[in-house]
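Visitor: I am new to reading protein models, and I would like to be walked through this one slowly.
Guide: Gladly; please look at the sequence and the structure first, and then put your questions.

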Amino acid sequence: MAWPYVADDTSDPLLAADAEVWQPFTDAVRELVDACVQSDVDADDVRAAQADVEAALARLGKARLSTTLGQSGTVGSRRRAWGNPVIGVRNPIAPPLHVDSDPAGRAWSDFHLGPAYEGPPGLVHGGVVSLIIDQVLGHAVGAGRQPAMTGTLTIRYERGTPLGDLRVEAWVERREGVKIHAGAHVLGPDGPTAVAEAVFIVPRRFRDQLSDGIGAADQGSTQG
Ligand SMILES: CCCCCCCCCCCCCCCC(=O)SCCNC(=O)CCNC(=O)[C@H](O)C(C)(C)COP(=O)(O)OP(=O)(O)OC[C@H]1O[C@@H](n2cnc3c(N)ncnc32)[C@H](O)[C@@H]1OP(=O)(O)O
């Protein structure tokens, strides 16, 4: 099976210009989501705001992409993860996280989660914690430039994760053939709130293309 991306020839300057338009718009929609869960105005204001949102929807709905943002790419398989729900430039669901990584297989991010991500009162929804851990694990594993997918993800929720400023760290622990074992945790003001173990798998369909980079030679530990 081929790469699941549709290549296009969008240049870097065009991409940057596109981001300049969409990023502020997405930020505004994210604030709208926050207002949706936090605003305390009366019913007339809510109805008036709904009409404004519906007008915006009519304008945006005039044209639609033929693929998802994740499927569209650029020449050379460079990916445009603009629709990603954790880091996407065009996804207001994304907090968004800015994730740093290094080639040794470590990834980390300092981020903020507001009331739109609440599960238990004042705490982050466990599924959101898992979403963020999965993504940042993906960056740690992807730092080795191997396209791998989460096979198994185990999370131990040590204590509630408070809404607010948080940090996530992930690291590759070892590679065993097509399996990449990795770990991660989310840190709140009082230390780790959730600790994860994961096994990423290089899917069968990618193994032939990557046979040089996978195997016993990749064994190693980079716990961070
Ligand atoms: C180019 C670089 C770009 C860099 C860019 C950087 C940025 C990068 C950011 C990405 C950020 C995304 C981060 C989100 C990550 C997701 O959310 S991924 C989405 C969630 N995961 C899925 O949807 C996966 C669904 N499952 C599958 O597609 C397939 O089951 C899998 C996992 C690919 C495995 O299928 P397969 O390739 O056919 O595997 P198979 O040959 O049967 O088994 C191979 C080995 O793996 C083991 N295995 C199979 N399945 C599993 C499993 N689920 N658990 C544990 N072990 C398993 C088998 O037992 C076997 O082991 P051995 O017998 O060899 O010892």
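**Order, domains, core and ligand shell**

Visitor: What pattern does the protein follow when it is read along the sequence?
Guide: Helices (H or I, at least four residues) and strands (E, at least two) are DSSP runs, numbered from the N terminus. The protein has four helices and eight strands. Taken in sequence order, these give the pattern β-α-α-β-β-β-α-β-β-β-β-α.

Visitor: What should I know about the model and its numbering before going on?
Guide: The numbering of residues starts from 1 along each chain as its sequence is written. This is a predicted model, in which local features need pLDDT of at least 70 and side-chain atom pairs count only at pLDDT 80 or more, while totals for chains, interfaces and linings use all residues.

Visitor: How many residues of domain 2 are in contact with domain 1?
Guide: The protein is divided into domain 1 (1-96) and domain 2 (99-218), with bounds that come from an automatic or database domain assignment. Two residues are in contact if their C-beta atoms, placed from the backbone, lie within 7 Å. By that rule, nine residues of domain 1 are in contact with residues of domain 2, and these number 11.

Visitor: Which residues does the UniProt annotation "domain: Thioesterase" cover?
Guide: The annotation comes from an unreviewed UniProt entry; positions are given in the numbering used here, feature names are shortened, and annotations may be inferred rather than shown by experiment. The annotated span is 27% helix and 45% strand, and its end C-alpha atoms lie 20 Å apart. The residues covered are 122-185.

Visitor: Which element gives the most to the largest nonpolar core?
Guide: A nonpolar core is a set of buried Ala, Val, Leu, Ile, Met, Phe, Trp, Tyr and Cys residues joined through C-beta atoms within 7 Å. The largest one has 34 residues, and Ile 133, Val 136 and Ala 140 are among those with the most contacts inside it. Strand 4 (106-113), helix 3, strand 6 (164-176), strand 7 (179-188) and strand 8 each give two or more residues to this core. The most, seven residues, come from helix 3.

Visitor: Is Ala 140 buried or exposed?
Guide: A residue is buried if 20 or more other C-beta atoms lie within 10 Å of its own, exposed if 12 or fewer, and partly exposed in between, with C-beta atoms placed from the backbone. Ala 140 lies in helix 3. Because 29 other C-beta atoms lie within 10 Å, Ala 140 is buried.

Visitor: And is Pro 103 buried or exposed?
Guide: Pro 103 lies in the loop between strand 3 (100-102) and strand 4. Pro 103 and Ala 140 are 37 residues apart in sequence and 8.3 Å apart in space, C-alpha to C-alpha. Pro 103 has 9 other C-beta atoms within 10 Å, and therefore Pro 103 is exposed.

Visitor: Which element gives the largest share of the shell around the ligand?
Guide: A residue is near a molecule if its C-beta atom, placed from the backbone, lies within 6 Å of it. Of the 18 residues around the ligand, those that come nearest are Gly 138, Gly 142, Gly 151, Pro 203 and Arg 204. Two or more residues come from each of helix 3 (126-142), strand 5 (149-157) and strand 8 (191-201). The largest share, five residues, comes from helix 3.
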